[in-house]
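Got the viewer open and a free hand on the mouse? Then let's take a walk through this one, stop by stop.

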Amino acid sequence: MTIIDGQCCSCYKSLKFEIQQTVIQERLRWYISYTCPFCASSVEVDGIGLLPEDIQKIIFKEEGEWEILIENFEQQKQRLIKSLRQTLGLSTMELYKRLKEFKSSPVAIDSGTKFEMNWLYSRLQLDGIESIVLQRKQAPED
């Protein structure tokens with residue numbers, strides 16, 4: 001669970017939001033919720049799949065961005081495409097465009113929150129694909 005600063009949609013006071021990610025029936029799910037201590041308004045928003053990008057960016061500031069690397073990319077490419085199509089719901093064309101630029105191993109095929117990348121890692125393992133999850137190195141700030 002990650003806690004972020006937010007604003008109540010009813011009274012507009014500052015408060016803390018809870019963001020959680022979980023897996024239910026092998027599908028990635030996320031939840032954002034709060035109960036306002038000032039006006040007692042409660043909100044819960046949830047979804048299936050990866051977090052929306054704006055929420056991901058907030059989590060990246062707290063936990064860093066993570067990526068999944070594939071060793072022996074060329075030897076695993078066909079199985080990887082099949083696995084990613086099923087897991088992420090991407091078309092073959094989307095995947096070929098995404099993977100076309102990769103020439104050497106290890107290949108960073110995706111990035112996201114630590115939870116998302118650990119989930120993807122476990123899905124790839126089920127399909128016999130060798131991979132590792134690492135925190136992405138941040139570029140030095142000026």
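Colour the chain by secondary structure and follow it from the N terminus: the order you should see is β-β-β-β-α-β-α-α-β-α-β. That gives four helices and seven strands in the protein. Keep in mind throughout that this is a predicted model.

Now zoom out until everything fits on the screen. Along its principal axes, the C-alpha trace spans about 55 × 45 × 25 Å. Of the 142 residues in the protein, 39% are buried. If you draw the contacts between residues at least 6 apart in sequence, 54% of them join residues at least 24 apart.

**Stop 1: the largest nonpolar core**

Select I68, I70, L80, L84, I109, L120 and L124, and show their side chains. This core has 19 residues, and those seven touch the most other members. Which parts of the chain feed it? β5 (66-70), α2 (73-88), α3 (92-99), β6 (107-112) and α4 (114-126) each supply at least two residues. As a general pattern, nonpolar side chains in soluble globular proteins tend to be buried together.

Stay here and click on L80. What does L80 touch once its neighbours within four places in sequence are left aside? The list is I70, F73, L99, I109, L124 and I129.

Before moving on, select C8, W30, I32 and L51. They are among the 12 residues of another core, which lies apart from the one you were just looking at.

**Stop 2: where α2 meets α3**

Hide everything except α2 and α3. Their axes come within 10 Å and cross at roughly 135 degrees. The two helices are therefore oblique to each other, and α2 passes α3 in a right-handed crossing.

To see the contact itself, show F73, Q78, L80, I81, L84, R85 and L88 on the α2 side. Facing them from α3 are T92, L95, Y96, R98 and L99. Colour this set by class and you get eight nonpolar, two polar and two charged residues. Notice that L80 and L84 turn up here as well as among the best-connected members of the core.

**Stop 3: where α2 meets α4**

Swap α3 for α4 and keep α2 on screen. Here the axes come within 10 Å and cross at roughly 130 degrees, so α2 is oblique to α4. The crossing of α2 past α4 is right-handed.

On α2, select L80, S83, L84, T87 and L88; on α4, pick W119, L120, R123 and L124. By class, this contact divides into six nonpolar residues, two polar and one charged.

T87 deserves a click of its own. Is T87 in helix α2 buried or exposed? With a relative accessibility of 15%, T87 counts as buried. Leaving out its neighbours within four places in sequence, T87 is in contact with W119, L120 and R123, and those three belong to the α4 side of this helix pair.

**Stop 4: Y121, further along α4**

Stay on helix α4 and select Y121. Its relative accessibility is 26%, so Y121 counts as partly exposed. Beyond its neighbours within four places in sequence, Y121 contacts I68, S131, I132 and V133.

Try the distance tool from the C-alpha atom of Y121 to that of I70: the two are separated by 9.9 Å, although these residues are 51 apart along the chain.

**Stop 5: two loops with an unusual backbone**

Bring the whole chain back and go to the loop between β2 (14-24) and β3 (27-35), where you will find Q25. Most residues other than glycine have a negative phi. Q25 is not a glycine, yet its phi is positive, at about 50 degrees. Turn on the surface and look for Q25 there: its relative accessibility is 71%, so Q25 counts as exposed.

Next, follow β3 into the loop that leads to β4 (42-48), and select A40. What is the phi of A40? It is near 70 degrees, a positive value in a residue other than glycine. A40 is exposed, with a relative accessible area of 58%.

Conventions. Residues are numbered from 1 along each chain as its sequence is written. This is a predicted model: local features need pLDDT of at least 70, side-chain atom pairs count only at pLDDT 80 or more; totals for chains, interfaces and linings use all residues. Side-chain values use heavy atoms; hydrogens and water are left out. A nonpolar core is a set of buried Ala, Val, Leu, Ile, Met, Phe, Trp, Tyr and Cys residues joined through side-chain atoms within 4.5 Å. Buried means under 20% relative accessible area, exposed over 50%, partly exposed in between (1.4 Å probe, protein chains only). Contact means heavy atoms within 4.5 Å. Axes are lines fitted to C-alpha atoms, for helices over the stretch in contact, and angles run from 0 to 180 degrees between N-to-C directions. Angles under 35 degrees count as roughly parallel, over 145 as roughly antiparallel, 65 to 115 as roughly perpendicular and the rest as oblique. A crossing is left-handed if the near helix is turned anticlockwise from the far one by less than a right angle, and right-handed if clockwise. Ala, Val, Leu, Ile, Met, Phe, Trp, Tyr, Cys and Pro count as nonpolar, Asp, Glu, Lys and Arg as charged, and the others, Gly among them, as polar.
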